[in-house]
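User: I'd like to go through this model with you and ask why the labels are what they are. Can we take it one label at a time?

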Amino acid sequence: MSDESRCGFVAIVGAPNAGKSTLLNRLTGAKLSIVSPKAQTTRFRVLGILMRGPAQILLVDTPGIFRPRRRLDRAMVRAAWTGAEDADLTLFLVDSRAGLTDEIRRIAEELAGRNRRTWLALNKIDLVTPQHLLPLAAELNQIVPLEETFMVSAGNGDGLDRLLDRLAEAVPPGPHLYPDDDLTDLPDRLLAAEIVREQIFMQTHEEIPYAATVETENWQERPDGSVRVEATVYVARAGHKAILIGTGGSRIKQIGAKARHELTRLLERPVHLFLNVKERAGWDEERARLRAIGLEDTE
Ligand SMILES: Nc1nc2c(ncn2[C@@H]2O[C@H](COP(=O)(O)OP(=O)(O)OP(=O)(O)O)[C@@H](O)[C@H]2O)c(=O)[nH]1
Ligand SMILES: [Mg+2]
């Protein structure tokens, strides 16, 4: 590898649940983007800044691409495609266990139409027999021209060294756009809201995770080095609020306790976390709510 300075954006794009956020976290060695077993966890673009030799790789995690219904969904899917448009390279991440579903076929066709530099990474290879992988890669290549193909496991790290080496060579020559020891540009207030939302995804079911959004309302640094965070969880209906709060407040307490623990670890200082739950019908169609989580409003 040459010692020439390089820097470029690489957008990780794919179907919901492919493992995009897991990959971003694994490659940066940090928890930047929330992860859950449920689809449509990520709602906005998350930047991870990665150094590999003289190269700075700016990895962008994006929301999964699906058929949008709500204004929120449309803004999420738009954020994913904009991420790809703005990047030097698109890394198409596919869950190799799911195979070539209609959803993945549609994304591949859309990628083909956009005609950008695209690499393929078949993920979750720890879950499949290796014979599946080459035919799947070949089928995808028939739909969209793929410059390179990687077989990886974001879960256990297999194949990622080679992917990183290749990315470091592929990003264009140029000065680094961020300080080399920065990990992300995500503000702590947004991180805090996301960590609460992650617990909602982990601890509630059916439509509840999709009916909730979280906003940090207040952030106070205390003289003792701790931080006091107040966040509001908006839900669409009274029934959601009751479920989220739980009997005698048990569910929201558990969500708060887990989120506080995680935030204390991430921010490396004591965190006092206060959660309010508010019913707000139609928040997922409301521009201000989408802007609060950094989604663009172009409709
Ligand atoms: N076994 C295995 N599980 C994985 C791997 N990568 C991700 N997962 C799991 O797949 C699930 C989805 O991972 P995410 O990283 O949230 O997926 P995503 O593509 O960001 O999903 P959205 O944000 O909803 O689009 C989680 O339960 C992860 O733990 C992998 O390589 N192997
Ligand atoms: Mg994600």
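User: Why is Lys 124 called buried?

Analyst: First, a quick note: this is a predicted model, where local features need pLDDT of at least 70, side-chain atom pairs count only at pLDDT 80 or more, and totals for chains, interfaces and linings use all residues. Residues are numbered from 1 along each chain as its sequence is written, chains are lettered from A and ligands numbered from 1 in the order in which they are written, and side-chain values use heavy atoms, with hydrogens and water left out. Now the label: buried means under 20% relative accessible area, exposed means over 50%, and partly exposed is in between (1.4 Å probe, protein chains only). Lys 124 comes in at 16%, so by the under 20% rule it is buried.

User: Where is Lys 124 found, and which residues does it touch?

Analyst: Lys 124 is in the loop between strand 5 and helix 4. Those names come from DSSP runs, numbered from the N terminus: helices are H or I with at least four residues, strands are E with at least two. Leaving out residues up to four places away in sequence, Lys 124 touches Asn 17, Ala 18, Gly 19, Asp 95, Ser 96, Val 152 and Ser 153. Touching here means contact, with heavy atoms within 4.5 Å.

User: What makes Asp 95 and Lys 124 a salt bridge?

Analyst: The rule asks for a side-chain nitrogen of Lys or Arg within 4 Å of a carboxyl oxygen of Asp or Glu. For this pair the N to O distance is 3.3 Å, so the rule is met. The two sit in distant parts of the chain, 29 residues apart, with Asp 95 in strand 4 and Lys 124 in the loop between strand 5 and helix 4 (133-143). Like Lys 124, Asp 95 is buried.

User: How do you know that Asp 86 and Arg 45 pass that test too?

Analyst: Their closest N and O atoms are 3.7 Å apart, which gives a salt bridge. Asp 86 is in the loop between helix 2 (71-85) and strand 4 (89-95) and Arg 45 is in the loop between helix 1 (20-28) and strand 2 (46-52), so the pair ties together parts that are 41 residues apart in sequence. Asp 86 has 51% relative accessible area and is exposed, while Arg 45, at 28%, is partly exposed. The whole structure holds 23 salt bridges, and Lys 31, Glu 198, Glu 262 and Arg 265 are linked in a network of them.

User: What makes strand 5 "largely enclosed"?

Analyst: Six of its six residues are buried, so the rest of the structure largely encloses it. Both faces are covered: Thr 118, Leu 120 and Leu 122 on one side, Trp 119, Ala 121 and Asn 123 on the other.

User: How do you know that strand 4 and strand 5 pair?

Analyst: Two strands pair if DSSP finds at least two bridges between them. Here six bridges join them, and they run parallel. Thr 90, for instance, stands opposite Thr 118 in strand 5.

User: Why are strand 7 and strand 9 called edges?

Analyst: They belong to an open sheet of three strands in the order 7-8-9, with mixed pairing. Strand 7 (212-221) and strand 9 (271-279) each have a single partner strand, so one side of each has no neighbour in the sheet. From one strand to the next, the twist averages 20°. Angles run from 0 to 180 degrees between N-to-C directions, using axes fitted to C-alpha atoms (for helices, over the stretch in contact). Strand 8 (residues 227-235) and strand 9 run parallel, joined by nine bridges.

User: What makes the approach of Thr 42 to ligand 1 a polar contact?

Analyst: A polar contact is a pair of N or O atoms within 3.5 Å; within protein, one must be able to donate a hydrogen and the other to accept it, and residues adjacent in sequence count only if both atoms are side-chain atoms. A polar side-chain atom of Thr 42 is 2.8 Å from an oxygen atom of ligand 1, so the distance fits the 3.5 Å limit. Lys 124 is back again here: an N or O atom of its side chain is 3.1 Å from an oxygen atom of ligand 1.
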